[in-house]
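The exercises that follow are meant to be worked with the sequence and the 3D view open side by side. Try each task before reading its solution, which goes step by step.

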Amino acid sequence: MGVTGTGLQQTIFELGRAGRGGGKIPHPPRDALDRIPAAARRETPPGLPELNEPEVVRHYVNLSQLNYAVDTGFYPLGSCTMKFNPKLNEWAARLPGFADLHPLTPDAAAQGTLQLLFELEEALAEISGMRAVTLQPAAGAQGELTGILMIRAYHRARGDSERKEVLVPDSSHGTNPATASMAGYRTVTVPSAPDGGVDLDAFRAALGPRTAAVMITNPSTLGLFESRIGALLDAVHDAGALAYMDGANLNAILGRFKPGEAGFDVMHFNVHKTFSTPHGGGGPGAGPVGVGETLLPFLPEPRVLREDDGGYRLERTGERPSSIGRLRSFVGNTGVLVRAYAYIRAHGASGLREVSDDAVLAANYLKSRLAGTYDIPHDRACKHEFVASAATIKKATGVRTLDIAKRLIDYGYHPPTIYFPLIVEEGMLIEPTETESVETLDAFADALIAIAGEAAATPDLVKEAPHDAPVRRLDEATAARQPNLRWRPMTGAHAPCPD
Amino acid sequence: MPYGPHTAADRARMLGALGLTSVDQLFEDIPEALRASPLDLPDPEPELELAARLSDLAGRNRTGLASFLGAGVYRHWSPPAVDQILLRSEWYTAYTPYQPEISQGTLQSIYEYESLIAELVDLDVVSASHYDGAAATAEAALMTCRATRRDRVLVSRGVHPHYRETLRTYFGGDLELDEVPLVVDGDAAGTTDLVALDRLLADPNRPVAGVIAAQPDFLGLLEPMPAIGELAHAAGALFVAVVEPVSLAVLAPPGTYGADIAAGEGQPLGIAPQYGGPYLGILASRDALVRQIPGRLVGMTADLDGRRAFVMTMRAREQDIRRDKAASNICTNQALLALAASIYLATIGPHGLRDVAALGAARATELEAALAANGAPRIHPGPYLNEFAVRVPNARSVHRRLVDRGVLAGLVLADVEPDDPTLEDGLLVCATEVTTPAEIVRFAEALSGVLGGRPPTAVEAGAGTERGRRAAAGAVR
C-alpha cells in the first residue's frame, strides 16, 4: 500500500518557502565568524524550512488538535495514571526565578530552588517511608537504573561478587528486565500465582546466593496489592538480596502503605504519574529514588544538603566517595520537580490520602460496572487500576481487545492499555484516576458495554474501527520494513536561499 | 482534595454499588502489620497561599545577575511562540502515542523533529528522544559496544565533566572506559591529544568500540574532529561526536567529518535553563546503526485508505516489547522538549539560527578583549566559537566577589576539574546573542574593581536582586 496525497496536514518542510521568516535576532557583524578556521566551518547551511511565525503557529495548533489528551477527554491508560495536571503548577514552573536559573549557579544565588528540592526530598521520604531520596534521575526508568546500580555497589562493597541475577515477576513492566540488563544482570522471570500475586514458592526456589535483587511492583501491574509482600521481603533478605520497589503504582497507596516501612530497600517514584506532572506526549518525567539505611551511602551525587546555618548547598563532586556517581548532567529535572512540589503542598497529608482513596474507589466502581460484560480475571478488590479481558467476547465473536480499543475511540475515549500485563489473555488495563467524575465513569462503562453488544451484533463495525478518528488504522508493517524516518532534503522552490 | 470531583453523595453511591460502607474496606488486603504510619506532612495549602509560597521561593533565586555562565547550558532568546504553543494542553497532557489514530499531532511533530535534527547533524536516523546530553552520550557509548561487539570506549577529557561522570556510572560493570588527555601546551592546548589517542587505540588486546569527542569541547575550543574520526575508524572503532545544536548552524556537522553517531544537549534550542532540566538528549546515527539506536522512532506510513500518516516504528528495540533484550530501558522520554526544539527551529529558521551562532561569536570576541584588558586573559590560544577559559589570580574568590557585584562570571573550572593543574585559577565564560555590550562593560568594570581592590558601588552591591534592579533603574534616571 502506498502513500497518497499529503495526509492530514503538510509537514513543516512542505510549508517552507525561501525568503520567509526573520525578524527575531539582530544581524551579527559581517566579520563575526572570520576567526573560525575554514576547516571547522559548515559549508552548506542546514536544510531547515523557512517560515513566518503565523504559519508556524497555525501548523502546531492544527497538529495539536489531532491529539487526544487528558484535557480533551477521559484517558484511562492503565499503568500511566493520566490524572488532571493542575494549571497552577504550569504557572509556577515558568516563574522566572525558577525557569531562568542556570544549573551551575553558585549555591548562594540558588537558595529558593535548593530549599524547594530539599523539602521535596523530605516529603517523598515521608510518603515512601524511606530514609532519603535523590531527585536526580530524569525518569522512572532512569530511577530504576539508579536503584539497581546502588544495589550493585552495595554487593560489591561487601565483596560479594557472585550475585549476577535479578528476579522479576512475569507481570512486571518491561523497564525492569531492561534495566537489569543495562546494569549487567541476567533477568530471571518468576511466574505469578493463579490469584495474580507473587508466587512465594516460586520466588523462594529462584532466590539464592546468585540473586542480587528482586524487583516488585506493588500494587502489581494487575492493580492488585501483593498481600504476601511481607513473607516475600523476608525471603529476599534471608537470601542476602535486596528488594526494589517499582513505584509506578504509588497512586493507589498514599498514606496506606509505605514501602520503606514494609522493608523495601529502594524504590523509584514516577512524578508524572502520582504527582501530576504532565506526561508531555511521552515526557519529560522525573524519577526520584528513595533508599533505606542500607543504600544510603551509594546515592548518586550531588545530594541537596542543609547547612547548620539553615542555608542549602549541593554536594561537591567526589565529596562522598561511596556514591555511584551521576546518572545525568546537573541536579535533575528541576522544572518537573517544581510541579510535583506544588502538587504535594496543595494536597497535604489528608489530600494525598484522599487521592488514593478516590483513585481506588473509582477503579473498583468501574470494575463492578464492567463485570458481567467483560471477564474480570482477578475478581477481588483492586487498587487504582484493574484488568478486564475480552477473551470470552473474542471466542464468541472474533472481536479482539485491539478492536474494542479502537472502537472506544469512536465513542470519544482514549483506549486503556491493552495486552499488558502480558499474562492476561486479551487484557485491557484500566486506570480511571481520582480526578474523573462518577458521570464520566458511568458513561465510559456504558460505552464499553455497548461495544460488547456491537461485537455480537455487528462485529465488522468494531473490527474496522475507528471510523471517526482523523486517520484509520495504520500500516505498521511497511513502516517497520521500509522505514521512512526523515523528510528528504528539499529541492527547487523549497530549498533555503544561500546566505 | 483540590482537584477531585467527588461529592459525599458520589462516594456514597459508588460505595453502595460495591456493597461497602467505607473506603477502608478496599484496603483490607494490606496486611495489618504493614499498614502505613500516619503521613507527617503539612496541611493542604489553598492555591492563593501556595502561589505566594512558590513566588517567594522563586524570588530567592538570583536570576537577575549579568550572566556569562554556559558550561553546557546556554541562555538564548526563545521566541514566545515556542512556550505558548507548548502550553496547549493537547500537547502536554497527552502521553506516548500508543494509539496512532488519535495521536497524529504528536507523531507528525516527532517525525518533523527527527527530520529537523537530521538536517542539523547531517545524519539520517534521529532518536526522539533522550533525557539530556549526558544520558544521550552514555547511550551512544553503549551503542558503539553493541554495534562492534567490543567493550572499551575512549572519551576525550574535552567532553563535559558531567557527561564523563555519567559515562563512568553507566560503564561501572563489565565495560571499560578510558579518558584521552588534552594537549597541555602549545597551539592545540585544551584540545584532544591525538598522539595519546593513537596510543590508546593501538593496544591489540583491548580493542576500542567507540571514541567520543566534543565540538566545541567543554573549554569552548574547536577540536580537530576529522582527525579524531580518522584515528577511530583506522582502529575499527566508531566515532561519537558530542555537539551543541546552535553551533551547527555555522560549524561543520558530524555527518561531514565521519561521525557515526552524534549526541548532544538540545537545551539551547529554545529551552529554559530550569536549574538542570527537563532538557533534551539529542541522539542521531548513520543509517547502518538504526537497529542499535535506543529510544522512540517515528516513521511515515499510510492508513487503510492510503492516506499519509505517522506511527511509532521499529519497536522491537524497545523495552515494552523486548524486555531484557531491549536496546535500552528508556520509556518516558523528552517528547515535549523535542517539540519545543522543533518549534524553535521552525520559528527562528536557518538564517536566524546562523545569526544566533554568529552574534554569540561576535559578543564573545568583545568579551575576550574586555576581559583581557582588565586582567583576565585567555588560557588557551586555539580557536573557539562563543565560550572560552580565562585565568585570574584567586579565581574562586574573584568569582564570589563578582557575584556580590551582580556579575555571574561563568564557571570556576577548579570546581569541576579539580585535578587539572592547567585549569587552576580558570574561569569558563561564554557569550550568546542575549549578552549585551552593557553587560560586558559591567563585567569588565566589576572585574577591574575586584582586582584593583575598589569596593563595590551601590549599584553593583544591589545588582541581581529585585531591590538592586530598582536601585539601578533609579540610578540611571
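**Exercise 1. Find how many residues chain A and chain B each bring to their contact, and describe the side of chain A by class.**

Solution. In this predicted model, the contact takes 180 residues from chain A and 170 residues from chain B. Turning to the side that chain A offers to chain B, one finds that its largest share, 22 residues, is supplied by helix 11 (residues 334–370) of chain A. Sorted by class, that side of chain A holds 92 nonpolar, 60 polar and 28 charged residues.

**Exercise 2. Check the span of helix 2 of chain A, and decide where its buried residues lie around the helix axis.**

Solution. Helix 2 of chain A covers residues 53–64, and at 1.5 Å a residue its twelve residues should span 16 Å; because the expected span is 1.5 Å times one less than the number of residues, the comparison is with the end C-alpha atoms, which are 16 Å apart and so agree. The next step is to list the buried residues of this helix, which are A:V56, A:H59, A:Y60, A:L63 and A:S64. Seen down the axis of helix 2 of chain A, these buried residues fall within an arc of 130°, and therefore they line one face of the helix. Their cover includes helix 1 (12–15) of chain A, together with helix 3 (80–86), helix 4 (89–92), helix 5 (104–121) and helix 11 (335–372) of chain B.

**Exercise 3. Describe how each chain is divided into domains, and what the domains of chain B bring to their contact.**

Solution. Chain A is divided into domain 1 (88–345) and domain 2 (353–480), and the C-alpha centres of these two domains of chain A lie 31 Å apart. Their contact takes 18 residues from domain 1 of chain A and 16 residues from domain 2 of chain A.

In chain B, domain 1 is made of 66–76 + 349–472, while domain 2 is 80–343, and their C-alpha centres lie 29 Å apart. Here 24 residues of domain 1 of chain B are in contact with 25 residues of domain 2 of chain B. On the side of domain 1 of chain B that touches domain 2, the elements giving two or more residues are helix 11, strand 11 (387–391) and strand 14 (426–430) of chain B, and the largest share, five residues, comes from helix 11 of chain B. By class, this side of domain 1 of chain B has 15 nonpolar, five polar and four charged residues.

**Exercise 4. Which residues have the most contacts inside the largest nonpolar core?**

Solution. The largest nonpolar core has 326 residues, and those with the most contacts inside it are A:Y244, B:V240, B:A284 and B:L427. Helix 11 of chain B gives the most to this core, with 22 residues. To follow B:L427 further, set aside its neighbours within four places in sequence; the residues in contact with B:L427 then include B:A389, B:V390, B:H399 and B:L413.

**Exercise 5. Is helix 7 of chain B mostly covered or mostly uncovered?**

Solution. Helix 7 (residues 161–170) of chain B is mostly covered, since nine of its ten residues are buried, among them B:P161, B:R164, B:E165 and B:Y170. The buried residues of helix 7 of chain B pack against helix 6 (140–157) of chain A, and, within chain B, against elements including helix 6 (133–148), strand 3 (152–156) and helix 13 (413–416).

Key: Residues are numbered from 1 along each chain as its sequence is written. Chains are lettered from A and ligands numbered from 1 in the order in which they are written. This is a predicted model: local features need pLDDT of at least 70, side-chain atom pairs count only at pLDDT 80 or more; totals for chains, interfaces and linings use all residues. Domain bounds come from an automatic or database domain assignment. Two residues are in contact if their C-beta atoms, placed from the backbone, lie within 7 Å. Helices (H or I, at least four residues) and strands (E, at least two) are DSSP runs, numbered from the N terminus. Ala, Val, Leu, Ile, Met, Phe, Trp, Tyr, Cys and Pro count as nonpolar, Asp, Glu, Lys and Arg as charged, and the others, Gly among them, as polar. A residue is buried if 20 or more other C-beta atoms lie within 10 Å of its own, exposed if 12 or fewer, and partly exposed in between; C-beta atoms are placed from the backbone. The arc is that of the directions from the helix axis to the C-beta atoms. A nonpolar core is a set of buried Ala, Val, Leu, Ile, Met, Phe, Trp, Tyr and Cys residues joined through C-beta atoms within 7 Å.
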